[in-house]
Amino acid sequence: MELSNLKVKGNINLKDFPTELSHNFSDKSLKKQLKKERRALGEMQNTLYAHGKYSVLICIQGMDTSGKDSLIREVFKDFNVRGVISHSFKKPSEKEINHDFLWRHYKALPARGKYGVFNRSHYENVLISRVKPEIVLNEKIPDINSLEDITLAFWNNRLEQINNFEKTIHQNGCIIFKFFLHISKDEQKNRLLRRLNKPSKNWKFSPEDLKDRELWDAYTHYYEEAISATSTEHAPWYVIPADSKPHARLLVAKTIKERMETYTDIQNPSLPEELQEQISYYKQQLKDS
């Protein structure tokens, strides 16, 4: 599949996107290719840091067990630790609830020269909150006093606010990637069973996983609505076939690399001319010291 085919354009139905792609590579070969790609990404990140004018935001979303944690670990393994920060957004704290829903995400945005990875993201506010709208009642929003107050207009406004948020940070130098890790319901079942069958993985399992699994269709519907409404040229969504973890990781790494290569202005800075003229002198000073 061409990487451009992973990019969302317009309204989507996730049934039209595969959860696995046929290919002739073994897992070992896919891991070897990923190693090459992430080394290149690591070098590109060093240049981004030295250039110091752009930041990069990577949003990772997906159903439970879709492989978000391991993908982040494997794709960004060769980055300089000072150049990438990962945030996992859980239930908001009391302090966070006392601000608007985007506040904690603004706070976590990467500085210029750095990558920020959101493991789950601001999209939880139009996904889990939409499947379980009682969450919104805890947000202390004026005129939202009951579930009946949470109308379709409320959700459309929230999606518009997300679009405005992303447009603002893009216009200020943030390069945005949004990945939906697309797994099948059968593959999720297999992964949950592995967590139960392998004692070292038992800690990952929660009965809530089974309750959320029963809401699969609702989550799918609201993912389709959110992705369709917010995939823009400056902040595109990519639907990544994720039944194969090694392949999903490679596709994400390749997508980031391919798009970052279009930013040809990101270069290592040059020394001022007056310093360049003195390089030989500085070298000699060091030799003589």
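**Note on the predicted model: buried elements, salt bridges and surface**

1. Asp78 has a relative accessible area of 32% and is therefore partly exposed, a value that, like every other in this note, comes from a predicted model. Asp78 forms a salt bridge with Arg38, in which the closest N and O atoms are 3.3 Å apart. Because Asp78 lies in the loop between α2 and β2 while Arg38 lies in helix α1, this pair ties together parts that are 40 residues apart in sequence. Arg38, in contrast to its partner, has a relative accessible area of 10% and is buried.

2. A second salt bridge that involves helix α1 is the one between Glu37 and Lys254, whose closest N and O atoms are 3.4 Å apart. Glu37 belongs to helix α1 and Lys254 to helix α10, so the two side chains tie together parts separated by 217 residues in sequence. Glu37 counts as buried, at 8% relative accessibility, whereas Lys254, at 29%, counts as partly exposed. Lys257, which is also found in helix α10, touches Glu37, Ala40, Leu41 and Met44 when residues up to four places away in sequence are left aside. The C-alpha atoms of Lys257 and Glu214 are 36 Å apart, although 43 residues separate the two along the chain.

3. The side chains of Arg130 and Glu225 also meet in a salt bridge, with an N to O distance of 2.6 Å. Since Arg130 is in helix α5 and Glu225 in helix α9 (residues 216–230), the pair ties together parts that are 95 residues apart in sequence. Arg130 is buried, with a relative accessible area of 12%, and Glu225 counts as partly exposed, at 29% relative accessibility. Elsewhere, Arg38, Arg73, Glu74, Lys77 and Asp78 are joined into one network by salt bridges that share partners. The count of salt bridges in the model comes to 19.

4. Is strand β3 (residues 115–119) largely enclosed or open to the surroundings? Each of its residues, 5 of 5, is buried, so the strand is largely enclosed by the rest of the structure. In a regular strand the side chains alternate between the two faces of the sheet. Both faces of β3 are covered, with Tyr115, Val117 and Asn119 buried on one side and Gly116 and Phe118 buried on the other.

5. The pairing of β3 with other strands can be read residue by residue. Strand β1 (residues 55–62) pairs with β3 in the parallel sense over 5 bridges, and the partner of Leu57 in β3 is Gly116. Strand β2 (residues 84–88) also runs parallel to β3 and is joined to it by 5 bridges, with Asn119 in β3 as the bridge partner of Ser88.

6. The largest nonpolar core has 72 residues, and the members that touch the most other members are Ile58, Tyr115 and Ile256. Not counting residues up to four places away in sequence, Ile58 touches Phe76, Tyr115, Gly116, Val117, Phe118, Phe177, Phe179 and Ile256.

7. Helix α2 (68–75) is mostly covered, since 6 of its 8 residues are buried, namely Lys68, Ser70, Leu71, Ile72, Glu74 and Val75. These buried residues pack against α1 (27–51), β1, β2, β3, β4 (174–182) and α10.

8. Two residues other than glycine deserve a look at their backbone angles. Thr65, in the loop between β1 and α2, has a positive phi near 75 degrees and is buried, with a relative accessible area of 7%. Arg120, placed in the loop between β3 and α5 (128–131), has a positive phi near 70 degrees.

9. Arg158, in helix α6 (residues 152–171), is buried, with a relative accessible area of 4%. Its contacts, again without residues up to four places away in sequence, are with Phe101, Asn125, Val126, Val136, Glu139 and Ile141.

10. Which residues form a nonpolar patch on the surface? The patch consists of Leu271, Leu275, Ile279, Tyr281 and Tyr282, which together have about 430 Å² of accessible area. Helix α12 (residues 279–288) supplies the largest share, 3 residues. Leu271, placed in the loop between α10 and α11 (273–276), counts as partly exposed at 44% relative accessibility.

How values were computed: Residues numbered from 1 in each chain as written. Predicted model: local features only at pLDDT ≥ 70, side-chain atom pairs only at ≥ 80, totals over all residues. Heavy atoms only, no water. Buried < 20%, exposed > 50% of the residue type's maximum accessible area, 1.4 Å probe, protein only. Helix = DSSP H or I, 4+ residues; strand = E, 2+ residues; numbered from the N terminus. Pairing = 2+ DSSP bridges. Contact = heavy atoms within 4.5 Å. Patch = residues over 30% accessible without salt bridge, like charges linked within 9 Å, V, L, I, M, F, W, Y side chains within 5 Å. Areas by Shrake-Rupley, 256 points an atom, 1.4 Å probe, with all protein chains shown as cover. Salt bridge = Lys/Arg side-chain N within 4 Å of Asp/Glu carboxyl O. Core = buried A, V, L, I, M, F, W, Y, C linked by side-chain atoms within 4.5 Å.
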